[in-house]
Amino acid sequence: MSLFLLLLWMHTTPGLAAPAAGPGMEPHVAASLPPRLYLMGSARKGEFVEVQYEITNPGFVELHLFDAEGKKLWIRGKVTDRAGQDYIQIPTKPLETGKRYSFILKYKGQEYSGSFYA
């Protein structure tokens with residue numbers, strides 16, 4: 001009975017439970033987590049805008065890009081063979097400077113939305 005009480009105490013005491021899933025998790029910990037994508041932001045890198053994200057499991061990430069009126073401009077996909085941080089590059093050449101663009105990242109049946117200014 002004392003082992004049961006010890007386990008119950010450890011589970012209900014703050015700081016002793018397993019850490020929550022999130023960005024920056026070690027790959028061996030993240031591998032057992034349910035699939036999730038975390039948007040890390042976007043940044044202009046020369047002739048591209050990089051949409052940065054982190055995934056908890058390897059998989060296919062698909063980016064759908066839309067203009068301000070909601071018209072789909074293009075789709076780009078990327079297979080990532082490991083959990084962790086990654087990015088998809090969007091060329092800035094066809095984009096209008098100063099305009100807002102939105103995107104949807106699709107990963108494991110879920111959608112994650114974001115936007116940026118070109």
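A polar contact is a pair of N or O atoms within 3.5 Å; within protein, one must be able to donate a hydrogen and the other to accept it, and residues adjacent in sequence count only if both atoms are side-chain atoms. The model is predicted: local features need pLDDT of at least 70, side-chain atom pairs count only at pLDDT 80 or more, and totals for chains, interfaces and linings use all residues. Residues are numbered from 1 along each chain as its sequence is written, and side-chain values use heavy atoms, without hydrogens and water.

**Exercise 1. Place Thr56 and find the polar partners of its side chain.**

Step 1. Locate the residue. Thr56 sits in the loop between strand 2 and strand 3. Strands (E, at least two residues) and helices (H or I, at least four) are DSSP runs, numbered from the N terminus.

Step 2. Check burial. Thr56 counts as buried because its relative accessibility is 4%. Buried means under 20% relative accessible area, exposed over 50%, partly exposed in between (1.4 Å probe, protein chains only).

Step 3. List partners. A polar atom of the Thr56 side chain lies 2.9 Å from the backbone oxygen of Pro34. The side chains of Thr56 and Asn57 share a polar contact of 2.8 Å.

**Exercise 2. Describe the surroundings of Gly84.**

Step 1. Gly84 belongs to strand 5 (residues 84–91). With a relative accessible area of 15%, Gly84 is buried.

Step 2. Leave out residues up to four places away in sequence. Gly84 then touches Tyr53, Glu54 and Ile55. Contact means heavy atoms within 4.5 Å.

Step 3. Compare sequence and space. Gly84 and Thr56 are 28 residues apart in sequence, yet 6.4 Å apart in space, C-alpha to C-alpha.

**Exercise 3. Identify the residues of the largest nonpolar core that touch the most other members.**

Step 1. Define the set. A nonpolar core joins buried Ala, Val, Leu, Ile, Met, Phe, Trp, Tyr and Cys residues through side-chain atoms within 4.5 Å.

Step 2. Pick the residues. Of 19 residues, Leu37, Val61, Leu63, Leu65, Ile90, Leu105 and Phe116 touch the most other members. Strand 2 (48–55), strand 3 (59–66), strand 5, strand 6 (100–107) and strand 7 (110–117) each give two or more residues to this core.

Step 3. Inspect one. Beyond four places in sequence, the contacts of Val61 include Leu37, Tyr53, Ile55, Ile88 and Leu105.

**Exercise 4. Work out how strand 6 and strand 7 pair.**

Step 1. The two strands pair in the antiparallel sense over eight bridges. Pairing requires at least two DSSP bridges.

Step 2. Arg100 has Tyr117, in strand 7, as its bridge partner.

Step 3. Two residues lie between the strands of this hairpin, where Lys108 takes a positive phi near 50 degrees.
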